[in-house]
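Please open the model in your viewer and keep the sequence panel beside it. The stops below go from the whole chain to single side chains, with a selection to make at each.

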Amino acid sequence: MSDRPALYLLIPAALLVVAILPLPYGYYTFLRLVVTIAAAAAAYVDYQSSRSFSWRVIVMGLVALLFNPVVTVALSRSTWLPIDLLTAGLFAYMALRKDRATET
């Protein structure tokens, strides 16, 4: 097991924290794409390591669905703010947890 965090999970976490700033709409479209890909990858890696649908697999799958850029979920900025911060915390947890499978 590697002691270093999974960078592919820390990048979307940082991007989600930056999303609290008033940025152009294009940033949020880019954010949706990055978060969807990272959440789907995290769900896949966790499923492959445990061969079961753990709560982490389910939650990351739901995050991928919520942030997907194809069928967007239209919420107000004040509603997205706590969702973005909670999701950033979730990504950070997934990247830094000690029982994480070996990832490259």
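Start with the whole chain coloured by accessibility: buried residues, meaning those under 20% relative accessible area (exposed is over 50%, partly exposed in between, with a 1.4 Å probe and protein chains only), make up 37% of the 104 residues. This is a predicted model, in which local features need pLDDT of at least 70 and side-chain atom pairs count only at pLDDT 80 or more, while totals for chains, interfaces and linings use all residues. Residues are numbered from 1 along each chain as its sequence is written, and side-chain values use heavy atoms, with hydrogens and water left out.

Switch to a cartoon view, where the chain shows 4 helices and 0 strands, in the order α-α-α-α along the sequence; helices (H or I, at least four residues) and strands (E, at least two) are DSSP runs numbered from the N terminus. If you display contacts, defined as heavy atoms within 4.5 Å, then of those in the chain with a separation of 6 or more, 71% come from residues 24 or more positions apart. With the surface turned on, the chain exposes about 6,200 Å², of which carbon and sulfur atoms supply 73%; these accessible areas come from the Shrake-Rupley method with a 1.4 Å probe, and for residues only the protein chains shown count as cover.

Next select helix H2 (25-50). H2 has 26 residues and reaches 38 Å from its first C-alpha to its last, close to the 38 Å expected at 1.5 Å a residue, where the expected span is 1.5 Å times one less than the number of residues. Its buried residues, among them Tyr 27, Leu 31, Val 35, Ala 39 and Asp 46, pack against H1, H3 and H4. Just past the helix, select Arg 51, which follows H2 and has a positive phi, near 55°.

Which residues are linked with Asp 46 in a network of salt bridges? Show the side chains of Arg 56 and Arg 97, since both belong to that network; a salt bridge here is a side-chain nitrogen of Lys or Arg within 4 Å of a carboxyl oxygen of Asp or Glu, and the structure holds 2 of them. Side chains of opposite charge can pair when their charged atoms come close. Arg 56 forms a salt bridge with Asp 46, the closest N and O atoms being 3.2 Å apart, and this pair links helix H3 to helix H2 across 10 residues. Arg 97 meets Asp 46 at 2.5 Å, N to O, a pair that links the segment after H4 to helix H2, 51 residues apart. Arg 56 and Asp 46 are buried, and Arg 97 is buried as well.

Keep Asp 46 in view and add Ser 54, in the loop between helix H2 and helix H3 (55-67). Is Ser 54 buried or exposed? Ser 54 counts as buried because its relative accessibility is 16%. Its side chain is joined to that of Asp 46 by a polar contact of 3.0 Å; such a contact is a pair of N or O atoms within 3.5 Å, where within protein one must be able to donate a hydrogen and the other to accept it, and residues adjacent in sequence count only if both atoms are side-chain atoms.

Finally, return to the surface and select Val 17, Val 18, Ile 20, Leu 21, Leu 81 and Leu 85, which make a nonpolar patch of about 450 Å². Helix H1 (7-18) and helix H4 (77-96) are the elements that give two or more residues to this patch. Patches are made of residues with over 30% relative accessible area and no salt bridge, like charges being joined within 9 Å and nonpolar side chains (Val, Leu, Ile, Met, Phe, Trp, Tyr) within 5 Å. End on Leu 85 in helix H4, which is partly exposed, with a relative accessible area of 39%.
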